Amino acid sequence: MDNLNNTNYYIEFEKQLESIKNHGSRPSLLLHACCAPCSSYCIELLAEIFDITIYFYNPNIDMEEEYRKRYGELCRLVKEAPFAAGTKTVEGEYEPELFFEMAKGREKLPEKGERCYDCYKLRMEKSARYAAENGFDYFSTTLSISPYKISRWINEIGVELESLLKEEYPDRSPVFLYSDFKKKNGYKRSIELSEEYSLYRQNYCGCRFSKKEE
């Protein structure tokens with residue numbers, strides 16, 4: 001978590017996309033998503049390059065009503081937005097007990113602390129394993145589009161997971177797609193798309209601790 005890393009992950013992301021384009025392939029991508037607004041621009045950006053499956057896994061959302069609302073909006077976006085044509089959605093298990101177990105003893109820590117780091121990791125690891133077990137070429141997450149999330153952590157976790165999966169699934173381990181989707185007005189574009197499709201935009205990440213701060 002405290003590892004200092006000066007890697008420009010957006011540049012690495014652009015290099016990956018350029019390499020894929022040069023190979024003329026259309027690889028499969030499992031894209032972990034936290035909500036429809038954050039997914040909107042990410043799908044728009046990646047849909048011409050990847051065969052995308054959205055994976056909704058968010059045990060941090062403490063109210064099932066909120067969880068269902070977010071997943072419903074994500075499904076509606078995929079159905080209504082022309083740029084999302086062909087995108088598939090998969091709903092992971094709703095496991096809030098795993099989040100609360102992870103957060104135990106760290107309930108009063110501020111946002112962007114170690115609880116948040118482990119929350120990113122919890123969601124990304126489940127997504128990465130799903131990608132490996134189901135033969136995806138790449139995996140990534142929409143989390144980095146948020147200005148409230150630390151993109152360096154997200155990418156470092158992704159790199160670690162890619163290495164771990166190579167050991168556990170040597171014949172079918174997916175590649176981590178770097179991301180810093182907020183760059184080049186990505187976050188601004190997500191707001192525009194949210195307005196265009198009248199998407200429900202929540203004002204907290206989903207966990208009760210961030211809701212209290214909000």
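**View 1. Leu 31 of β1 and its bridge partner in β4, Ser 140.** Strands β1 and β4 run parallel and are joined by four bridges, and strands count as paired if DSSP finds at least two bridges between them. Helices and strands are DSSP runs numbered from the N terminus, a helix being a run of H or I with at least four residues and a strand a run of E with at least two. The model is predicted, so that local features need pLDDT of at least 70 and side-chain atom pairs count only at pLDDT 80 or more, whereas totals for chains, interfaces and linings use all residues. Residues are numbered from 1 along each chain as its sequence is written, and side-chain values use heavy atoms, with hydrogens and water left out. On the other side of this pairing, β4 is joined to β5 by two bridges, again in the parallel sense, and Tyr 138 stands opposite Val 175 in β5. Both faces of β4 are covered, with Tyr 138 and Ser 140 buried on one side and Phe 139 and Thr 141 buried on the other; buried means under 20% relative accessible area, exposed means over 50%, and partly exposed lies in between, for a 1.4 Å probe and protein chains only. In a regular strand the side chains alternate between the two faces of the sheet.

**View 2. The open sheet of five strands, with helix α3 packed on it.** The strand order is β3-β2-β1-β4-β5, with parallel pairing. The edge strands β3 (88-91) and β5 (175-176) each pair on one side only. Strand β1 (residues 28-33) pairs with strand β2 (residues 51-56) over six bridges in the parallel sense, and the partner of Ser 28 in β2 is Asp 51. Helix α3 (residues 64-80) touches β1, β2 and β3, and its direction makes about 165° with that of β3; such angles run from 0 to 180 degrees between N-to-C directions, and the axes are lines fitted to C-alpha atoms, for helices over the stretch in contact.

**View 3. Ile 54, a buried residue of strand β2.** Ile 54 counts as buried because its relative accessibility is 0%. Leaving out residues up to four places away in sequence, Ile 54 touches Leu 31, Ala 33, Ile 43, Leu 74, Thr 87, Lys 88, Thr 89 and Val 90, where contact means heavy atoms within 4.5 Å. Ile 54 and Cys 34 are 20 residues apart in sequence, and their C-alpha atoms are 9.7 Å apart in space.

**View 4. Helix α5 against helix α6.** The axes of α5 (residues 114-133) and α6 (residues 151-168) come within 10 Å and cross at roughly 40°. From α5, the contact involves residues including Tyr 117, Tyr 120, Met 124 and Ala 128, which meet a set in α6 that includes Trp 153, Ile 157, Leu 161 and Leu 165. By class, this contact has eleven nonpolar, one polar and five charged residues; Ala, Val, Leu, Ile, Met, Phe, Trp, Tyr, Cys and Pro count as nonpolar, Asp, Glu, Lys and Arg as charged, and the others, Gly among them, as polar. Met 124 lies in α5 and counts as buried because its relative accessibility is 3%. Beyond its neighbours within four places in sequence, Met 124 is in contact with Thr 141, Ile 154, Ile 157, Gly 158, Leu 161 and Phe 176.

**View 5. Helix α4 against helix α5.** Helix α4 (residues 96-103) packs with α5 at an angle of about 145°, and their axes are 10 Å apart. Leu 98, Phe 99, Met 102 and Ala 103 of α4 make the contact with Arg 115, Asp 118, Cys 119 and Leu 122 of α5. These residues divide into six nonpolar, no polar and two charged.

**View 6. The largest nonpolar core, around Leu 46, Phe 50 and Ile 52.** Of its 60 residues, these three touch the most other members; a nonpolar core is a set of buried Ala, Val, Leu, Ile, Met, Phe, Trp, Tyr and Cys residues joined through side-chain atoms within 4.5 Å. Elements that each supply at least two residues include α1 (9-23), α2 (36-46) and β4 (138-141), while α5 gives the most, with seven residues. Not counting residues up to four places away in sequence, Leu 46 touches Phe 13, Leu 17, Leu 29, Ile 52, Leu 177 and Phe 181. Another core lies apart from this one and has six residues, among them Met 102, Ala 103, Cys 119 and Cys 207.
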